[in-house]
Every structure is written in structure tokens, then in C-alpha cells.
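User: I would like a close look at one part of this structure, taken strand by strand and explained for someone in a first year of study. Please give the meaning of each term when it first comes up.

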Amino acid sequence: MTNLGQIFTMLDYDYSTFTLPHFTDHVAGFVRKEILLIPYELEKTLSGIWVREQTAHYIFYNDQLHSILQSHTILHEIAHIVLGHTPKPLDHYLNEDILREYNLTQPIGKARANPQDNKLDDEEQEAEEFVFLIQNQLMQLNRSSELFGDNQIPTGLRQFTQILE
């Protein structure tokens, strides 16, 4: 496991300027490798997949899910990259179309499936903690619309965010 707080601080990101593309570009500079965000119609049980290749990191996210879940998934997969998590073979998660289109021969990375299936995985939990740190920064700066859209904070989250105000 990594020291989450240290890495979060080392990112040295100004969350007052946060947009998902801007943050992704910043992280790409931090890890010195391009990060490609690719909307894709994944299986219903998959939210996203991070694929580590020699030349770039690919983040495929399920374009059939709500935009809030898409943003969360992208940040979760970015966390795996930043935190240096151990990639695993992904052959069974990627269909032939993706493999051929992106020239992926022996893909390794992480797949974000049903969160209940990943409860005991330390790296999955650490990635969620990383996303929470980002969300906390954005809430404090009143920039939650960058994650949740212009309709403010979803009603179910208001009780948790009131303590940040």
C-alpha cells in the first residue's frame, strides 16, 4: 500500500481550477504518460477499465451510466495510476473490438466492476479514498458542480456535505 496523503500532496494540484480534463492532464504530467479517457459501451456490470500500456494509460468508462458515476469512475481509475497499483490481466473484460481498435495485445490494469465484489481489495478501497479526498477538496471550494453538474449536490449527499460548509 502507498502513503495516500503524501501522494495526494505531491500531486500539487490547485483544485480551485478543477475540471476533469484539466485534472487528467495534470496527472498525466505527474506520471509522465498520456492518459486517454474513452467513453465505451461496456458490459452493464462494468463501470470502467484502466489499461496500462507502454505509451499511454487508457481509461474506458461505461458511457451508458449516469454522468456522475462516469466522473467518479474516471477519478477512481486515475487513482490506480497515481497510486501505482498493481495491474492484473484484463483479457476477459475487454472484447475483441476494443483490443483490435486500440491495438491492445496483452492488456493489464484494473476493472471497476460491482463495488460489492471489490470490498475486500485494499487497492480498490485506497482508490475510493483518493476519490473521496478529491471530492472533499471540491466541496470545500464549492466546486461540486464539476462532479455533479449544475443541479448542485445530489439530495442524498447533502447530509454529508453540510459538515464541510
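**The sheet, starting from strand E2**

Analyst: Gly48 stands opposite Tyr61 in E3, and this facing couple is a good place to begin. The model is predicted, so local features need pLDDT of at least 70 and side-chain atom pairs count only at pLDDT 80 or more, while totals for chains, interfaces and linings use all residues. Residues are numbered from 1 along each chain as its sequence is written, and side-chain values use heavy atoms, with hydrogens and water left out.

Strand E2 covers residues 48–52, and strand E3 covers residues 56–62. Here helices (H or I, at least four residues) and strands (E, at least two) are DSSP runs, numbered from the N terminus. E2 and E3 run antiparallel and are joined by five bridges; two strands are said to pair if DSSP finds at least two bridges between them. Three residues lie between E2 and E3, and the two strands form a hairpin.

E2 has another partner as well, since strand E5 (residues 108–112) pairs with E2 in the antiparallel sense, again over five bridges. In this pairing, Val51 stands opposite Gly109 of E5. How many of the residues of strand E2 are buried? Four of its five residues are, so E2 is largely enclosed by the rest of the structure. Buried means under 20% relative accessible area, exposed means over 50%, and partly exposed is in between (1.4 Å probe, protein chains only).

Stepping back from E2, one finds an open sheet of five strands in the order E1-E3-E2-E5-E4, and its pairing is mixed. Its edges are E1 and strand E4 (88–89), each of which pairs on one side only. The parallel sense appears between E1 and E3, which are paired over seven bridges, and within that pairing Ile38 stands opposite Phe60 of E3. Helix H2 (residues 20–31) lies across both E1 and E3, and it runs at about 140° to E1; axes are lines fitted to C-alpha atoms, for helices over the stretch in contact, and angles run from 0 to 180 degrees between N-to-C directions.

On the edge strand E1, which spans residues 34–40, Leu37 deserves a careful look of its own. Because its relative accessibility is 30%, Leu37 counts as partly exposed. If its neighbours within four places in sequence are left aside, Leu37 is in contact (heavy atoms within 4.5 Å) with Thr24, Ile59, Tyr61 and Ile74. Tyr61 is thus met a second time, as a contact of Leu37 and as the residue that Gly48 stands opposite. Leu37 and Ile78 are 41 residues apart along the chain, and their C-alpha atoms are separated by 10.0 Å.

To place the sheet within the whole, the chain contains seven helices and five strands, and from the N terminus on its elements run α-α-β-β-β-α-β-α-β-α-α-α. The chain has 165 residues, of which 45% are buried. Among contacts between residues at least 6 apart in sequence, 55% join residues at least 24 apart. The pairing of E2, at residues 48–52, with E5, at residues 108–112, shows how separate stretches of the sequence are brought side by side in the sheet.
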